Amino acid sequence: KQSNGSVLLTVGNTVLMATVVSEFDNPVSEDFTPLTVQYIEKTYAAAKFAGGFIKREGKPSDFETLTSRVIDRSLRPLFPKGYVFPTTITVMVLSVDLDADLQVLALNAASAALYTSNLPVKKSVCATRIGKIEGELVVNPSLSEMENSTLDLFIAGTSKELLMIEMKAVSTSEMVEVDIENFTKIHNINDISEVELVEAISVASDNISNINNTYEKSFEFAKQEIEDVELMETKIENSLIEYVENNYSSNIKDAIKVMAKKERYSGLNDIAKLISEDEHCIAQEIELKNIREAVEIVKKKIVRTMIIEEKLRADGRGPKDVRPITIETNILPAAHSSCLFTRGETQALVVATLGNNKDAQMYETLTSKGNENESFMVHYNFPGFSVGEAKPIFGVSRRELGHGNLAKRALESSIDKDYSDTVRLVSEIFESNGSSSMATVCGGSMALKAAGVPTKSLIAGVAMGGIFEDDKYVVLTDIMGLEDHDGDMDFKVTGTLEGITALQMDIKLGGIALDVLKEALEQAKEGRVHILKLMEEASSEIVPSEALPLIEQFSIDPSKVLAVIGKAGSVIREIIEKWEVSIDLDKTSGNVKIT
């Protein structure tokens, strides 16, 4: 009752509480919305104790952090420009049904709390998950149904606009008859074509629109009176913008060319100081912060006009051009495999380490009945030096966790379903100017190949953007940091030559028409195919690392297994110690794997 808005959401045995608190008397001085989202699972919700030594909820799990990011990315666009009041949205899971889709419910609860609060938000947002089961699209399947789905598509939006999309393909394996007596197992990546994906998004869009309309009508009775808060306004005179544009456009264009080489660049500040020292600004007593804002406005206008009118980008590329790519494999002699993937001014070193099932990451979820093992991990690190920032390296940030998860979703379906060993990929970003997550995907796929992990296909990723002005628009392939900042759309597409394995999209300008989305996906495919051809060429030149483990697999008579193990494990322990090997021995089948 002390919060600005709160809801209790109940679906079957699942109960979530969402609250919104905003400090209207404590605005920040910068022009940004200080929004914090926290999604918290309580173990008592599933009648469990917390795993581990300390029996209390502590550090958020990966799922909690990723769900918090999903809610943040979906709700942040609803806040009006100039809303500078510290705001926290908290979602707590109080009771859980083991078949509940907690991400969908958490976003819906958070949106309902925000919509019925006294904050100046006048739209509701809801989420829909689309699965593909036995070839048919299914809206909001249960967790048990999703186990048989080849598609996982999560979309959030308002009644009229799509705001956020996340998608991954789910691989399957099936026995196929070769002839009457022989069968073979086929691994399917289940990458989805651009046309099929747009169809699935269309189904989700219709469902989202219906739910939001229902929510807004149903919650009208509970919606509080909007608090009259003062939004931070830009007080930049048009005359100042015109003065900067007329007298300093050439300086700003030169700075833009440098910004095409660096994601972080202070040249615009230097120009603002130069302008502040000229006679006109001194006579008018114009503040430096206003000049800086005017320079930023002119810079953005120049970047967008060049693209819309001239189809020319800051670094001289056309809309569909991909920056130069170099690929080097196994540059680290003591690692199992490595790939240095460089695209323009973005560089990722991706390193693979192989292990057995004992090396898998053990984790527990609220809806699982026991501990689970994660045998494929992707860890992404983004140190400050990659963008020229003088900051120390601390723990893993939400962004790093999110980018690693995107790369994992992109690559996971390419690995053979029968491959049971543990693989850890670590991506170290050495330089960044636009989509280091996609460099992680490309480098990760090459590192898997170099490590001899059985994969159905190489996977490449490309970051797409877009500029929309009135009735004109241009879709951009392989965007850099400047185009991400000044553009209207940012989405990342990964896949094979045939189809898409993962997608992540954030739409900044509101909605996007499905025909534009289809065009953007087709253009992304062109960029992806171009990168895949370069990766195929590089993969033919891979020389395996001498550090790779040697693996022998064979079978023995199951009745002899106890003799191999020996009394209290003495025989097998002696073999392991004497020959410095790892042995996996299946007592039932007699299958042996020696590494």
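Which residue in S12 does isoleucine 325 stand opposite? It's arginine 343, and the views below, all from a predicted model, start around that strand.

**View 1. Strand S12 and its neighbour S11.** Strand S11 (residues 325-329) runs antiparallel to S12, and five bridges join the two. Look for isoleucine 325 facing arginine 343 of S12.

**View 2. S12 paired with S13.** Here strand S13 (residues 346-355) lines up with S12 in the antiparallel sense, with seven bridges between them. One pair to pick out is cysteine 339 with its bridge partner in S13, valine 350. The S12-S13 hairpin has two residues between the strands, and glycine 344 takes a positive phi near 60° there.

**View 3. Both faces of S12.** In a regular strand, side chains alternate between the two faces of the sheet. On one side of S12 sit Ser337, Cys339, Phe341 and Arg343, on the other Ser338, Leu340 and Thr342, and all of them are buried. Because seven of the seven residues of S12 (residues 337-343) are buried, the strand is largely enclosed by the rest of the structure.

**View 4. Asparagine 108 in helix H2.** This asparagine belongs to H2, which spans residues 102-115. Its relative accessible area is 7%, so asparagine 108 is buried. Leaving aside residues up to four places away in sequence, asparagine 108 touches Val125, Cys126, Ala127 and Tyr215.

**View 5. A nonpolar patch on the surface.** Phe385, Ile393 and Phe430 make up this patch, together offering about 330 Å² of accessible area. Isoleucine 393 lies in the loop between strand S16 (376-381) and helix H9 (398-412). With 64% relative accessibility, isoleucine 393 counts as exposed, since the cut-off for that is over 50%.

How values were computed. Residues numbered from 1 in each chain as written. Predicted model: local features only at pLDDT ≥ 70, side-chain atom pairs only at ≥ 80, totals over all residues. Heavy atoms only, no water. Patch = residues over 30% accessible without salt bridge, like charges linked within 9 Å, V, L, I, M, F, W, Y side chains within 5 Å. Areas by Shrake-Rupley, 256 points an atom, 1.4 Å probe, with all protein chains shown as cover. Salt bridge = Lys/Arg side-chain N within 4 Å of Asp/Glu carboxyl O. Helix = DSSP H or I, 4+ residues; strand = E, 2+ residues; numbered from the N terminus. Buried < 20%, exposed > 50% of the residue type's maximum accessible area, 1.4 Å probe, protein only. Contact = heavy atoms within 4.5 Å. Pairing = 2+ DSSP bridges.
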